[in-house]
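User: Please choose one part of this structure and take a close look at it for me, working outwards from the surface to what lies around it. I would like one connected account rather than a list.

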Amino acid sequence: SGGGGGGGVQPPAPPPRSIIAAVPMNLRKGEELRELRNKWGFAVIGLPLTSSSARVLVPAIGRAMNYVKMWSEGEVSYRATLVIAHIDQTFKRASAVVRWFMAIATSKLTLCVSNVPGPQVPLHINGASVTNLLGFLP
């Protein structure tokens, strides 16, 4: 059989050098910080997997975050979320649009990272204890 055709065992793929993460960004500034409301977007960054040392990884992640903060990715994601929410509330076929947008927006993500703390006191809903929380990135 000719040269180079497929069918043979392929070598394993090299390990990834980074994972793709969505990281929330607080977009409130100045007087907005005093308001009791959320205004956040998210940025997509590559988190390095090139070392097991926190002394190497933490500064690299900090540099990646500082880099994305220079651009308007957080503001764009915030505005896109507002548009999608408006579509969802306005049109009857919105759920298909929302699913399509979320599929595109999250298709390359490996994880979502947040430093938002959980509740500091036990939570109850209709008398039942809340034992687990599941975060959602809109």
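Analyst: A nonpolar surface patch is built here from side chains of Val, Leu, Ile, Met, Phe, Trp or Tyr that are joined within 5 Å, each residue having over 30% relative accessible area and no salt bridge. In this predicted model, Tyr-67, Met-70 and Trp-71 make such a patch, with an area of about 400 Å². Trp-71 belongs to the loop that runs between helix H1 (54–69) and H2, and its relative accessible area of 51% makes it exposed, because the limit for that class is over 50%. The part I would look at closely is therefore the region around helix H2, which spans residues 73–90.

For orientation, the chain has 3 helices and 5 strands, and from the N terminus these elements follow the order β-β-α-α-α-β-β-β. Of its 138 residues, 19% count as buried, and the accessible surface of about 11000 Å² belongs to carbon and sulfur atoms for 61% of its extent. Among the contacts between residues at least 6 apart in sequence, 59% join residues at least 24 apart.

Trp-71 also has a place in the lining of the second largest pocket, together with Met-25, Asn-26, Leu-27, Lys-29, Lys-69, Ser-72, Gly-74 and Glu-75. The elements that each give two or more residues to this lining are S1 and H2, and the space in the pocket comes to about 160 Å³.

From the pocket, Glu-75 leads on to the charged pairing within the helix. Side chains of opposite charge can pair when their charged atoms come close. Here Glu-75 forms a salt bridge with Arg-79, with 3.0 Å between the closest N and O atoms, and a search of the whole structure finds 1 salt bridge. Both residues lie in helix H2, 4 residues apart, which is about one turn of the helix. Glu-75 is partly exposed at 25% relative accessibility, and Arg-79 is likewise partly exposed, with a value of 47%.

Glu-75 is also among the residues touched by Lys-39, which, leaving out residues up to four places away in sequence, has contacts with Met-25, Asn-26, Leu-27, Arg-28, Glu-32, Glu-75 and Tyr-78. Lys-39 sits in the loop between strand S1 (18–26) and strand S2 (40–48), and at 13% relative accessibility it counts as buried, since that value is under 20%.

Tyr-78, another residue of helix H2, is buried as well, with a relative accessible area of 15%. Beyond its neighbours within four places in sequence, Tyr-78 is in contact with Leu-27, Arg-37, Lys-39, Trp-40 and Gly-41. Tyr-78 and Met-25 are separated by 53 residues in sequence, whereas their C-alpha atoms are 9.5 Å apart in space. Met-25 itself is one of the residues touched by Lys-39 and one of those lining the second largest pocket.

Ser-77 completes this view of helix H2, in which it lies. At 10% relative accessibility, Ser-77 counts as buried, and apart from residues up to four places away in sequence it touches Gly-41 and Phe-42. Gly-41 is thus a contact of Ser-77 and also of Tyr-78.

Definitions and conventions:
Residues numbered from 1 in each chain as written. Predicted model: local features only at pLDDT ≥ 70, side-chain atom pairs only at ≥ 80, totals over all residues. Heavy atoms only, no water. Buried < 20%, exposed > 50% of the residue type's maximum accessible area, 1.4 Å probe, protein only. Contact = heavy atoms within 4.5 Å. Patch = residues over 30% accessible without salt bridge, like charges linked within 9 Å, V, L, I, M, F, W, Y side chains within 5 Å. Areas by Shrake-Rupley, 256 points an atom, 1.4 Å probe, with all protein chains shown as cover. Salt bridge = Lys/Arg side-chain N within 4 Å of Asp/Glu carboxyl O. 1 Å grid on protein atoms, 1.4 Å probe; cavity = no way out; pocket = protein on both sides within 12 Å on 5 of 7 lines; lining within 4 Å. Points joined across faces, edges and corners; volume = space filled by probe spheres on them.
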